[in-house]
Amino acid sequence: MNQPRITEICSIKKEAENIFSIAFDDPRDIKPGQFYMIWIPGVDEIPMSVSSITDTTKMITFRILGDATKALASLHTYDKIGIRGPYGNGFTIAGKSLLFVGGGTGVAMLAPAVEEALRKKIKTTVIIGTKTESEIFFDQRLHQQGAHVLITTDDGSRGIKGFASDLAKDILEKEQFDGVLTCGPEIMMKKLLTVCDHLNFQASLERYMKCAVGICGQCCIGEGMRVCVEGPVFDKQSLKKFFDFGIYTRDASGKKIKF
Ligand SMILES: Cc1cc2nc3c(=O)[nH]c(=O)nc-3n(C[C@H](O)[C@H](O)[C@H](O)COP(=O)(O)OP(=O)(O)OC[C@H]3O[C@@H](n4cnc5c(N)ncnc54)[C@H](O)[C@@H]3O)c2cc1C
Ligand code: FES
């Protein structure tokens with residue numbers, strides 16, 4: 001499981017400005033919220049959450065940021081990549097009514113969890129928050145399957161002008177939910193946590209990953225919890241204990257990076 005398996009790309013699609021999805025052959029089971037280490041030969045190996053799950057193929061969806069994501073976006077159908085995993089814990093999807101809050105590319109990893117909720121006949125509301133209209137993706141996909149989809153943009157170019165966390169706060173004051181599941185900028189998730197004290201709250205975190213199997217300690221948060229093993233999804237009780245949650249992360253060398 002810790003050796004990369006070489007797999008073939010089935011399709012590559014542009015989803016939005018600078019955002020691409022790659023589907024590849026992989027018959028192994030993976031849970032919404034779990035992730036792969038994706039090896040791009042000759043370039044790098046990087047963590048990517050699963051963004052769509054079928055029995056035979058899996059998908060990742062990513063924003064182009066640096067060398068590895070740029071190289072991934074330039075690949076073609078039938079090109080080969082290496083995959084390790086699935087890794088991490090994934091979401092627990094239960095209750096009668098759930099609110100999903102995805103900031104930026106966060107909606108990519110929430111999408112399979114939304115789809116599992118819909119399959120379980122859970123009433124599902126999704127807030128997708130981006131800076132601007134050209135960065136919105138998966139809104140149609142989730143709407144067509146029965147989710148109530150709401151959009152916020154920082155510049156007001158589509159949906160409600162403002163932050164996803166502010167809309168979530170408004171909705172939580174008016175409607176009854178059993179749980180909130182979120183992925184996005186850590187500051188957004190920390191804000192959300194403060195208004196979800198009465199709810200089942202799950203947030204998916206990102207930390208710099210090297211081994212992804214709990215050995216190197218690179219991805220630790222709080223008092224030594226490993227995001228690659230105990231996470232990337234953490235519940236309210238754990239998040240409240242993490243002194244660095246929403247405050248700082250660490251780069252590849254271990255240097256603190258303030259949010
Ligand atoms: C569990 C997990 C799941 C993720 N899922 C997604 C996803 O579904 N979609 C998506 O767009 N992005 C996802 N990311 C972030 C993604 O891994 C980084 O954007 C990517 O590694 C950037 O690589 P790069 O070489 O293109 O950019 P670089 O220029 O090398 O890095 C840009 C930034 O990306 C982050 N990064 C780089 N390498 C790593 C690494 N090995 N581990 C963690 N962070 C790194 C750092 O914050 C860095 O500053 C996930 C990260 C984690 C930890
Ligand atoms: S990445 Fe090595 S312990 Fe998590």
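The following exercises, with worked solutions, concern a predicted model and its ligand 1.

Local features need pLDDT of at least 70 and side-chain atom pairs count only at pLDDT 80 or more, while totals for chains, interfaces and linings use all residues; side-chain values use heavy atoms, with hydrogens and water left out. Residues are numbered from 1 along each chain as its sequence is written, and chains are lettered from A and ligands numbered from 1 in the order in which they are written.

**Exercise 1. The shell around ligand 1**

Task: Determine which elements supply at least two residues each of the shell around ligand 1, and which polar contacts ligand 1 has with Ser49, Ala68 and Thr69.

Solution.
- Step 1. A residue is near ligand 1 if one of its heavy atoms lies within 4 Å of it. There are 17 such residues, and Pro47, Thr61, Gly66, Thr69 and Met209 come nearest.
- Step 2. Helices (H or I, at least four residues) and strands (E, at least two) are DSSP runs, numbered from the N terminus. At least two shell residues come from each of β4 (44-53), β5 (57-63) and α1 (67-73). The most come from β4, which gives four residues.
- Step 3. Sorted by class, the shell has nine nonpolar, four polar and four charged residues. Here Ala, Val, Leu, Ile, Met, Phe, Trp, Tyr, Cys and Pro count as nonpolar, Asp, Glu, Lys and Arg as charged, and the others, Gly among them, as polar.
- Step 4. A polar contact is a pair of N or O atoms within 3.5 Å. A backbone N or O atom of Ser49 is 3.1 Å from a nitrogen atom of ligand 1. For Ala68, a backbone N or O atom is 3.0 Å from an oxygen atom of the ligand. Thr69 places a polar side-chain atom 2.4 Å from an oxygen atom of ligand 1.
- Step 5. On its own, ligand 1 has 850 Å² of accessible area, of which the protein covers 77% (Shrake-Rupley method, 1.4 Å probe).

**Exercise 2. The cysteines**

Task: Establish how many disulfides the structure holds, and whether Cys211, Cys220 and Cys228 are buried or partly exposed.

Solution.
- Step 1. A disulfide is a covalent bond between the sulfur atoms of two cysteines; the cut-off is a pair of cysteine sulfur atoms within 2.5 Å. The structure holds zero disulfides. Cys220 is in none, and the nearest cysteine sulfur, that of Cys219, is 5.5 Å away.
- Step 2. Buried means under 20% relative accessible area, exposed over 50%, and partly exposed in between (1.4 Å probe, protein chains only). Cys220 is partly exposed because its relative accessibility is 29%. Cys211 counts as buried because its value is 17%, and Cys228 is buried because its relative accessible area is 2%.
- Step 3. Cys211 lies in the loop between β12 (200-204) and β13 (220-221). Leaving aside neighbours within four places in sequence, Cys211 is in contact (heavy atoms within 4.5 Å) with Arg84 and Cys216.

**Exercise 3. Backbone geometry**

Task: Locate the cis peptide bonds at Pro86 and Pro232, and describe the setting of Phe138 and Ala212.

Solution.
- Step 1. Most residues other than glycine have a negative phi, and most peptide bonds are trans.
- Step 2. Gly85 and Pro86 are joined by a cis peptide bond with omega about 5 degrees, and Pro86 is in strand β6 (residues 80-87).
- Step 3. Another cis bond, with omega about 10 degrees, joins Gly231 and Pro232. Pro232 is in the loop between β14 (225-226) and β15 (233-235).
- Step 4. Phe138 has a positive phi near 70 degrees and sits in the loop between β8 (123-130) and α3 (139-144). Phe138 counts as buried because its relative accessibility is 6%.
- Step 5. Ala212 has a positive phi of about 70 degrees and belongs to the loop between β12 and β13. Ala212 counts as buried because its relative accessibility is 3%.

Technical notes:
A polar contact is a pair of N or O atoms within 3.5 Å; within protein, one must be able to donate a hydrogen and the other to accept it, and residues adjacent in sequence count only if both atoms are side-chain atoms.
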